[in-house]
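Student: Please take me through one part of this structure closely. I would like to see how the strands are arranged, and then what surrounds them.

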Amino acid sequence: MGMTITEKILARAAGLRRVAPGDVAVVDVETACLIDLSFLPEGWRRVLKVADPSKVVIVFDHLVPAPTAQAAECMQTARAFAREFGIERLHDVGPDQGISHAVIADKAYALPGTVLVNADSHTCSAGAFNCAARGVGGPDMLYAVTTGKAWFRVGETIRYDLSGALRPGVSAKDIFLTIAGRWGAHVNQNIEYGGPGMASMSLNARRTLTTMGTELSAEFVIFEPDDTLVEYVKARNPKPFTPVMPDDDATYKERRSLDLGSIEPLVALPDAVVNNSVGVSEVAGQKIDQAFIGACCNGTLDDLAVAARVVRGRKVAAGTRFIVTPSTEAIHRAALAAGYVATLMEAGAIVTPATCGACVGGHMGVLGPNEVCITASTRNFKGRMGDPSARIYMASPATVAASALAGQIAGAGEFFQGDVS
Amino acid sequence: MRSGRVWKFGDNINTDLMLPGPFLYRSAEEQATAVFMNNRPGWVNEVEPGDTIVGGFNYGMGSSRPAARSLRNCGIGFLLAETINGLFFRNAVNYGLLACECAGVSAAFEEGDTAELDIDAWMVRNPRSGQTLDVSPVPQQLLTMMLGGGIYPVLAREGLIASP
């Protein structure tokens, strides 16, 4: 009996011929990513040994530049740790700053066919790179950094066969909202994306979809490899790698077909992401105080391009705050060069440095009591972005940008009329 | 055999409810005072050492934050849920919180019932109703860590991290 992509990567990394659902696999970790919050004094311990410093990455992302003395102290601890053990891949405040998952994508640190762990939950983001990537806890990270290993319970896999292409103005976020609305949570299950439809999705779009797999409560979320991916990685990372396709006779819990051409723009209602999606028209007219585009899932250059296109030559509604946070400073610079930043700023948006920022309710866009926000970020949980009485709707960057102009939830369809998919 | 007084929670209880964002940056002791403050204010004053949480589907969905540590620091003896989110389960292992999946557990217990858990037989019993349910066994290597105070003592013993 054959294996899925995730099973094949875990088996390879465990030095086993096969693994199957129900097994606990202890695997070699190719890439271990620590973040600023990994160094909070309540979780961090002084490390006495690092298994392989060349496999460790440190990215400051949740609170950068430091808004508090404690955040600054976390970074001091991290810099000292990197110095002590000769860890070269340290993404400090500055030009290499960004959200860890997006930095990992920019630099192609995630190698196809390997295992990656990160202290942040949205780590399955790197599944777009055919990498078995899983968010783990702080203690798991200490384990990975000191031993070079991690353990995983092997789950069953749901396979999505993608066909067709998204229509203009519809995005990967809408694919996610469709899956979350139609099939709900995937607890203890892996997700595998493949099929002819993936060719129509950019790596950024694929990464939006894999990143949001965390919100489906999935274990590993992974795409099949293709030439687009292999060329992207080879151009950025000199390490050798072997991409992994599923076996023809792989065993799936279920196979589901998804015609991308049938996807409509959706909005998740406040407080929960799964089983909570409605059509934009059902909530259109809901007044908003803030519109946010950013986080690891929606601060890509594609997302900033869409936002700029929607607001070009128009103005953000009076009384509405529109905050845009690129996922990395490299994306920020590319958006500057492409003119997207100027377009957004002329429309009245605030474009912030790259950080998790408002998505995690940390800084640069925290919500006050009873405020309403529409966000293209990762979560809409109660209290996620600030006060627990705030209501957070979640949608695509296009829908969020259109809503910022209207001062209320609004569809973006009119801005994409005449486009062909 | 372990037994505890039951507190019931529903489906999709997320990590942000157990460990609200603003408390991420506070001490573990302060974090333990904030558990469920947004959905069940005052709970931390009522919960007693050895109590049990009975949850629904996808217990602990959300972030990698150490919510399991807060439950342990609130004195929770063990947690049973229909299904447990994978990342929360990892942190239960990491921080030494006994957490098991048990199909049917939500319907079998009312708040205030006593849950009697036997992890040799992997059964849970409600002495009020007499009902027993199978509990999904936790793999031995993970159970050892859960019951042994989590992963930190293992790493310290092996000389990989400094002892606290």
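Tutor: Here is the sheet, followed by the chain contact and the nonpolar core. Bear in mind that this is a predicted model.

Start with the sheet in chain A. Five strands form an open sheet in the order S4-S3-S2-S5-S6, and the pairing is parallel. Two strands sit at the edges: S4, residues 89-91, and S6, residues 132-135, both of chain A. Each of these pairs on one side only. From strand to neighbouring strand, the average turn is 15°, with direction ignored.

Now look at one pair inside that order. Strand S2 of chain A covers residues 31-35, and strand S5 of chain A covers residues 115-118. They pair in the parallel sense over three bridges. Take Ala32(A) as a marker: its bridge partner in S5(A) is Val117(A).

Next comes the contact between the chains. Chain A puts in 36 residues and chain B 33. On the side of chain A that touches chain B, helix H4 (residues 138-147) of chain A gives the most, with seven residues. By class, that side of chain A has 15 nonpolar, twelve polar and nine charged residues.

Finally, the core. The largest nonpolar core holds 202 residues. Leu10(A), Ala401(A) and Leu80(B) touch the most other members. Helix H10 of chain A, residues 301-311, gives the most to this core, with seven residues. Zoom in on Ala401(A). Leaving out residues up to four places away in sequence, Ala401(A) touches Ile293(A), Ala307(A), Val310(A), Val311(A) and Ala412(A).

Methods:
Residues numbered from 1 in each chain as written. Chains lettered and ligands numbered in written order. Predicted model: local features only at pLDDT ≥ 70, side-chain atom pairs only at ≥ 80, totals over all residues. Pairing = 2+ DSSP bridges. Helix = DSSP H or I, 4+ residues; strand = E, 2+ residues; numbered from the N terminus. Axes fitted to C-alpha atoms, helices over the stretch in contact; angles between N-to-C directions. Contact = placed C-beta atoms within 7 Å. Nonpolar A, V, L, I, M, F, W, Y, C, P; charged D, E, K, R; others polar. Core = buried A, V, L, I, M, F, W, Y, C linked by C-beta atoms within 7 Å. Buried ≥ 20, exposed ≤ 12 C-beta atoms within 10 Å, placed from the backbone.
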